[in-house]
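Please read the following briefing alongside the sequence and the model. The points are grouped by topic, moving from the whole chain to its surface and then to a pair of charged side chains.

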Amino acid sequence: MAGKNFTVVTAFILGLTNDSDLKVVLFVLFLVVFAIFLVGNLGMIFLIRITPMLHTPMYFFLNCLSLVDACFASAIAPQMLINLLVVQRTISFLACMVQHLCFGVFVTTEGYLLSVMAYDRYVAIANPLLYSMAMSERKCIGLVVGSWICGIINSLVHTISLGLSFCRLNVVNHFFCGIPSLLKLSCSETSMNELLLLTFSGVIAMTTFLVVISYLFIVLAILRTHSAEGRKAFSTCASHLTAVTIFYGTLSFNYIQPSSQYSVKQEKVISVFYTLVIPMLNPLIYSLRNKEIKNAVKRALEMKHFPY
């Protein structure tokens, strides 16, 4: 080993594509998506804060989800947009590790938040009369804080384990610093990292299973209940189930698949979907079929035009 000369990597080269014409098209497309995402998520946070009728557990969790989405996409999209414009698509080693840490925190926190929201809908349907007591403010805050703590711990474990030596090529065949792409560039032993990645994939599968079980209980509960509150709560589950299916579906497709079927191009497309498209879609999914959100938007617009 001593006889070999290695150049220690201090920066990485990222990129979605090398096609110059495609870069322009993707830049315009993703810039529009990013703008819609910012308006949608920040608008949702603002709307929930200024509307007293939306100060309920369900909308508290939705507010937190919008915040996580805003942080999630903002950790990835700006660098991706810059790399589509510039020739030198470099990112320092430190910035790469920070981006990886942020990605891990936000994607894990969002997964747990979606699970918490599924639990919230189950409580609302199974015990509508005791819902306010069962989902107290203290409990809601505890569930959100717990989701963040799990996200931070998971990401720290993966990031600290990336204290590897990078002495080969520095070209990351991806548009952000993800674990699989970085492991391919390392000249250190990566078996422990691969085990952690497999564990993370197992957590995704287990969480997905728990969410599915939650919705089975929700269906059973709605079949037993005859209250208007329970049926109203069930009507809000369609949008949440859509968001859960898209999020866990893309993550599962990306991380839980045989290595023989692995494709870099396929991974890039799916990664764009869950890092940028899903955060843009979530506000639309939760508002298009939600009468309370629509009424709150109408009132906010009326207040803007007729403040007195």
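**Briefing on the predicted model**

Of the 308 residues in the protein chain, 46% are buried, and this figure, like the others below, refers to a predicted model. The protein chain exposes about 16,300 Å², of which carbon and sulfur atoms supply 70%.

**Fold and contacts**
- The protein chain holds 11 helices and 2 strands, and these elements follow one another along the sequence in the pattern β-α-α-β-α-α-α-α-α-α-α-α-α.
- Among contacts in the protein chain with a separation of 6 or more, 78% join residues that lie 24 or more positions apart.

**Nonpolar surface patch**
- A nonpolar patch of about 480 Å² lies on the surface, where it is made by F60, I141, V145, I149, I153 and V157.
- Helix α5, which spans residues 137–160, provides the largest share of this nonpolar patch, namely 5 residues.
- I149 is found in helix α5 and has a relative accessible area of 45%, so it counts as partly exposed, and patch residues are required to have over 30% relative accessible area.

**Salt bridge**
- A search of the whole structure finds 1 salt bridge, in which the side chains of R121 and D120 meet at 2.9 Å, N to O.
- R121 has a relative accessible area of 6% and is therefore buried, while D120, at 1% relative accessibility, likewise counts as buried, because buried means under 20% relative accessible area.

Notes
Residues numbered from 1 in each chain as written. Predicted model: local features only at pLDDT ≥ 70, side-chain atom pairs only at ≥ 80, totals over all residues. Heavy atoms only, no water. Patch = residues over 30% accessible without salt bridge, like charges linked within 9 Å, V, L, I, M, F, W, Y side chains within 5 Å. Areas by Shrake-Rupley, 256 points an atom, 1.4 Å probe, with all protein chains shown as cover. Salt bridge = Lys/Arg side-chain N within 4 Å of Asp/Glu carboxyl O. Helix = DSSP H or I, 4+ residues; strand = E, 2+ residues; numbered from the N terminus. Buried < 20%, exposed > 50% of the residue type's maximum accessible area, 1.4 Å probe, protein only. Contact = heavy atoms within 4.5 Å.
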